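The following note is offered to a colleague who is meeting this structure for the first time. Please read the points alongside the sequence and the model.

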Amino acid sequence: MPINNNMFQKNTNTALVTETIWRKGEISRVDISRSLHLYRSTVTNIISFLLDSGVVLEGETTGSPSQGGRKPILLRINDEFGCVFGIDIQPSHYRIAILSLSGKTLYEEKGSLGDISFEEMVWSLLQKAFRTHGDRVTTPVLAICFSIPGVISGTTGEIVYSNPFKIEKFNLRNFVRSRYDFPVYVENDANCAAWWDLVKYEHHENENAIVLVADYHEDTNLFNDRIGIGLGIGVLIDGKVYHGSHFKAGEFCSVSWYKGNETQNGLPVELLKKTIDDEEAYRSWFRDTMISFVPLLVVMDFKCMILHGKPFADREKVLETIRKETPTLFDALEFAGTELIFDYENDMVGAKGAAMMFLSRIFSVPDLMGNSDIPSWDELISFANRQKRF
């Protein structure tokens, strides 16, 4: 299909304006025009459309302009326009987050579902999310976004392979769409954390970063053959989440791993089982895992290395373990100029990151070739309005 240049330009300018308001929180029309180098008439027309559609709101006026005249009126994203579901599914637990259009957390929940299949987990969590939405949030649902461990095709919504769940070639998007008529997006759990970090650490925008998400496999369930600590990796290149040629970017194997091994490390299984409460076992895992990143830090020239998850929660313990077990990691960080960031604010980064993935993509310039599965603002507004009528 040939590209309609006028429509593409309109969608691009709309995306630029909405992204500027989203990232700034509050901003005037004049400042939008200046920052984007757009004609004031263009910005005025776009803002009129967004105000009429309920995407943005007018707020307080700013102080008197230095050159006199009318006080500029500030604009902000309208959180009543809609919300996004983020659902993180792990073998031993789940996390649900509902974010507003601006990215504020409206609701979050975590728990365990016990010995049920993956398919049953999905239906159960969707019922929980929609029940909560009906009781507490009520704004239109713009998208349902999943955070799943494994190799994920974000373009099709297929779980290519998930070792923790022992499933492959399962199209989660089509599965959900068979019952729910909402946009559905599926992403690897560590990549979801990377999407979250792209917004949270926006001063690293357009730079390279590596995101590590670690978690203990604590609870017994239907998939209780998981062992020790699971580690996921998200890679950011030039401010974009990198998926690789086969969607496998971020899949981790330590330097001791060998073919046919079911775990991420080549360490004895009995040792890995003890990592949650045995200090020596934890140190062995840490040494084997973190030494694997020494050459990667220098090769990729990462601006920062962000650590999420319980195994990294104790900052002083982690730093002391690096000093004793993998001092060359400090050398590599220093040589590459990589900042080490500890982020254990909460354990909702997968769920919130899944929702933030959708928000980041709608507040960005559309794909020039028209290959994006993200709706245009016209489509999103129409979808939200249909829900308001019922």
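**Notes on rings and a helix**

1. K317 is placed over the face of Y282, at 4.1 Å from the ring centre. The model under review is a predicted one. A second such arrangement involves R179, which lies over the face of W123 at 3.8 Å from the ring centre.

2. W123 also belongs to a cluster linked by ring pairs. The other members of this cluster are F85, F118, F130, F165, F170, F175, Y180, F182 and F383. Across the whole structure, the search finds 18 aromatic pairs.

3. One pair deserves particular attention. The ring centres of F118 and F170 are 5.8 Å apart and the ring planes stand at 85°, so the pair is edge-to-face, a class that requires an angle over 60 degrees. This pair links distant parts of the chain: F118 lies in helix 4 (residues 118-137) and F170 in strand 10 (residues 167-171), 52 residues apart. Both F118 and F170 are buried.

4. Helix 6 (residues 189-200) contains 12 residues. From its first C-alpha to its last, helix 6 reaches 17 Å, close to the 16 Å expected at 1.5 Å a residue. At the start of helix 6, a side-chain oxygen of N188 comes to within 2.9 Å of the backbone nitrogen of A190.

5. How much of helix 6 is buried? Of its 12 residues, 11 are buried, so helix 6 is largely enclosed by the rest of the structure. The buried residues include D189, N191, C192, W195, W196 and D197. Also among them are A190, A193, A194, L198 and V199.

Notes:
Residues are numbered from 1 along each chain as its sequence is written. This is a predicted model: local features need pLDDT of at least 70, side-chain atom pairs count only at pLDDT 80 or more; totals for chains, interfaces and linings use all residues. Side-chain values use heavy atoms; hydrogens and water are left out. Rings of Phe, Tyr and Trp (its six-membered ring) pair if their centres lie within 6.5 Å; planes under 30 degrees apart count as stacked, over 60 as edge-to-face and the rest as tilted. Helices (H or I, at least four residues) and strands (E, at least two) are DSSP runs, numbered from the N terminus. Buried means under 20% relative accessible area, exposed over 50%, partly exposed in between (1.4 Å probe, protein chains only). A charge sits over a ring if NZ of Lys or CZ of Arg is within 6 Å of the ring centre and within 35 degrees of the ring normal. The expected span of a helix is 1.5 Å times one less than its number of residues. A polar contact is a pair of N or O atoms within 3.5 Å; within protein, one must be able to donate a hydrogen and the other to accept it, and residues adjacent in sequence count only if both atoms are side-chain atoms.
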